[in-house]
Amino acid sequence: MARNLKKLFPVLTAIALSACATGGGLKTDLMELRAGAFQSYAQGDLATAEQQFLVLTRRVPGEGEFWFRLGNIYARTHRPEAAIEAYKEALLRQYDKPKSWHNMGIVYLRQAGNAFTQLLEELEPSDPFYPRIYSLNEAIINLLNSAFVYLRLNCIIAHGHDSENQDRP
């Protein structure tokens, strides 16, 4: 419970301060925007969620969870550089950092895997580097697959069913 309150403290502070200045209208707007962003995200409407989380990061820049979700959206829409930058912003603001470190690492692994895959397409199998590059590429693919399985198992353990994990990149 205390951990959740720590996560929500920057949002609640911003909402409270905003409500004092505007008579409560901004508080309602922020709460509705936040609810809409998380709903769009959960439903897979990433274009809408992205726009909503961008507004939230401008209006409540100290809330790490908004940056984290934005990083996930960028990762899921194949924009790794933007994802990494959003995860870095999340890390500056979050109390609970493992999710952001994990997802940023997954994005880096994907980039490495893409680089090695492209290199394999250009190399001849007779090239002396080919076996090493092939082995590295396979190792990265295995790491990514095991990370995916781990996330799915955690989802089953936490929620009792095999639904899509909302924290994955």
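How many salt bridges does the structure hold? The structure holds 5 salt bridges, a salt bridge being a side-chain nitrogen of Lys or Arg within 4 Å of a carboxyl oxygen of Asp or Glu. The model shown is a predicted one, in which local features need pLDDT of at least 70 and side-chain atom pairs count only at pLDDT 80 or more, while totals for chains, interfaces and linings use all residues. Residues are numbered from 1 along each chain as its sequence is written, and side-chain values use heavy atoms, with hydrogens and water left out.

**View 1. A salt bridge between E50 and R79.** The closest N and O atoms of E50 and R79 are 2.8 Å apart. E50 belongs to helix α3 and R79 to the loop between α4 and α5, so the pair ties together parts that are 29 residues apart in sequence; helices here are DSSP runs of H or I with at least four residues, numbered from the N terminus. E50 is buried, with a relative accessible area of 12%, whereas R79, at 30%, counts as partly exposed. In these legends buried means under 20% relative accessible area, exposed over 50%, and partly exposed in between, with a 1.4 Å probe and protein chains only.

**View 2. Salt bridges within helices α4 and α5.** In helix α4, E65 forms a salt bridge with R69, and their closest N and O atoms are 2.7 Å apart. These two residues, E65 and R69, stand 4 residues apart in α4, which means a separation of about one helical turn. Both ends of this pair are buried, E65 with a relative accessible area of 15% and R69 with one of 9%. In helix α5, K88 forms a salt bridge with E85, the closest N and O atoms being 3.8 Å apart, and the two residues lie 3 residues apart, about one turn of the helix. K88 is partly exposed at 37% relative accessibility, and E85 is also partly exposed, at 44%. Salt bridges that share partners join E65, R69 and K99 into one network.

**View 3. Helix α4 and the loop that follows it.** The 13 residues of α4 should span 18 Å at 1.5 Å a residue, and the end C-alpha atoms are indeed 18 Å apart; the expected span is 1.5 Å times one less than the number of residues. Of the 13 residues of α4, 13 are buried, so the helix is largely enclosed by the rest of the structure. At the start of α4, a side-chain oxygen of E63 comes to within 3.1 Å of the backbone nitrogen of E65. Just after α4, H78 takes a positive phi of about 60°. Most residues other than glycine have a negative phi. H78 is found in the loop between α4 and α5 and is exposed, with a relative accessible area of 70%.

**View 4. Helix α5 and its buried side.** Helix α5 (residues 80-93) has 14 residues and reaches 20 Å from its first C-alpha to its last, close to the 20 Å expected at 1.5 Å a residue. Its buried residues are A83, I84, A86, Y87, A90 and L91. They cover an arc of only 165° around the axis, which puts them on the same side of α5, the arc being that of the directions from the helix axis to the C-beta atoms. On the other side of α5, E81 and L92 are exposed. The cover over the buried residues of α5 includes α4 (64-76) and α6 (98-122), where contact means heavy atoms within 4.5 Å.

**View 5. The largest nonpolar core.** This core has 24 residues, and those with the most contacts inside it are F53, L56 and Y87. A nonpolar core is a set of buried Ala, Val, Leu, Ile, Met, Phe, Trp, Tyr and Cys residues joined through side-chain atoms within 4.5 Å. The elements that give two or more residues to the core are α2 (25-42), α3, α4, α5 and α6, and α4 gives the most, with 7 residues. Not counting residues up to four places away in sequence, L56 touches L30, L33, R34, A37, P61 and F66.

**View 6. The surroundings of T57 in helix α3.** T57 lies in helix α3 (residues 46-59) and is buried, with a relative accessible area of 5%. The side chain of T57 reaches the backbone oxygen of L54 at 2.8 Å. Leaving aside residues up to four places away in sequence, T57 touches F66, W67 and L70.

Technical notes
Polar contact = N/O pair within 3.5 Å; in protein donor to acceptor, adjacent residues only side chain to side chain.
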